[in-house]
Structures are given as C-alpha cells and as structure tokens.
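Here is a quick walk through a small set of features worth having on screen. Pull up the model and follow along.

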Amino acid sequence: MRKFEHTITVAEAKRSVDRIWLTQSEAAAYLGVSPKTISRLREDGRLSYYKLDRLVLLKKADIDRLVERCRVC
C-alpha cells in the first residue's frame with residue numbers, strides 16, 4: 001500500500017525555496033503543480049530524484065534546470 005504525502009501550506013512552500021532538498025509535495029508547491037505531475041516527471045526520467053527508504057527527495061537545482069530546459073524562447 002502506498003503512503004500519501006501531506007499537502008503543504010503556501011507558507012511552507014515559500015520557506016522551501018531556500019532549501020537544497022525538497023520533498024515531492026514541496027517540489028510540487030514550488031512549481032505550482034500537483035504531486036502527481038512531479039511523479040510523472042520522475043517516472044519519465046525528466047527529473048532526477050533520490051530515495052532514502054520511502055522518502056523521495058529532489059534537488060532544487062535539478063528542478064530549476066528542468067524548468068530552464070522547458071523554456072520556449
């Protein structure tokens with residue numbers, strides 16, 4: 001059975017901006033997308049992640065690089 005991560009508040013998301021490591025929920029709030037979108041990006045191989053037991057961590061720098069690669073102009 002899969003455990004769901006908690007939803008974080010806007011204040012928590014703003015605090016996460018200065019952190020190096022983000023949870024999936026924090027990364028979703030940082031980008032303004034759902035945690036499912038973050039999961040799809042991971043599964044597609046477009047977003048690197050680290051796994052400590054069941055905890056999924058993402059580097060903020062990797063998320064920023066992904067956004068830059070998606071830049072249109």
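What follows goes from the overall fold to charged pairs and a surface patch.

## The overall fold

Keep in mind that this is a predicted model. The protein chain has 4 helices and 3 strands, and if you read along the sequence they come in the pattern α-β-α-α-β-β-α.

As for packing, 30% of the 73 residues of the protein chain count as buried. Take the contacts between residues at least 6 apart in sequence: 40% of these join residues at least 24 apart. On the outside, the protein chain exposes about 5,600 Å², and carbon and sulfur atoms supply 55% of that area.

## Salt bridges

How many salt bridges are there in the model? The count comes to 3.

Two of the pairs sit in helix α4, so let's begin there. K60 pairs with D64, with their closest N and O atoms 3.0 Å apart. Both residues lie in helix α4, which covers residues 60-69, and they are 4 residues apart, or about one turn of the helix. Is K60 buried or exposed? K60 has a relative accessible area of 15%, so it counts as buried, the cut-off being under 20%. Its partner D64 is partly exposed, at 29% relative accessibility.

The other helix α4 pair is D62 with R65, where the closest N and O atoms are 2.4 Å apart. These two are 3 residues apart in the helix, which again puts about one helical turn between them. D62 is buried, with a relative accessible area of 12%, while R65 is partly exposed at 46%.

Then there is R46, whose side chain meets that of D44 in a salt bridge at 3.4 Å, N to O. R46 is partly exposed, with a relative accessible area of 44%.

## A buried arginine without a partner

R42 is worth a click. This arginine lies in helix α3, residues 35-43. R42 is buried, yet it has no salt bridge. Why does R42 have no salt bridge? The nearest side chain of opposite charge belongs to E43 and is 5.7 Å away, and a salt bridge needs the nitrogen within 4 Å of a carboxyl oxygen, so E43 doesn't qualify.

What does R42 touch, then? Leaving aside its neighbours within four places in sequence, R42 is in contact with Q24, L47, Y49, V56 and L58.

## Y50 and the nonpolar patch

Now turn to the surface. I20, W21 and Y50 form a nonpolar patch there, with about 300 Å² of accessible area together.

Y50 lies in strand β2, which spans residues 50-52. With a relative accessible area of 36%, Y50 counts as partly exposed. That value is over 30%, so Y50 clears the accessibility cut-off for joining a patch.

Which residues does Y50 contact, setting aside neighbours within four places in sequence? They are W21, L55, V56, L57, K59 and D62. W21 is also a member of the patch, and D62 is the residue that bridges to R65. V56 appears among the contacts of R42 as well. One more distance to check on screen: Y50 and T23 are 27 residues apart along the chain, and their C-alpha atoms are separated by 9.9 Å.

Terms used. Residues numbered from 1 in each chain as written. Predicted model: local features only at pLDDT ≥ 70, side-chain atom pairs only at ≥ 80, totals over all residues. Heavy atoms only, no water. Buried < 20%, exposed > 50% of the residue type's maximum accessible area, 1.4 Å probe, protein only. Contact = heavy atoms within 4.5 Å. Areas by Shrake-Rupley, 256 points an atom, 1.4 Å probe, with all protein chains shown as cover. Patch = residues over 30% accessible without salt bridge, like charges linked within 9 Å, V, L, I, M, F, W, Y side chains within 5 Å. Lys, Arg positive; Asp, Glu negative; His and termini not counted.
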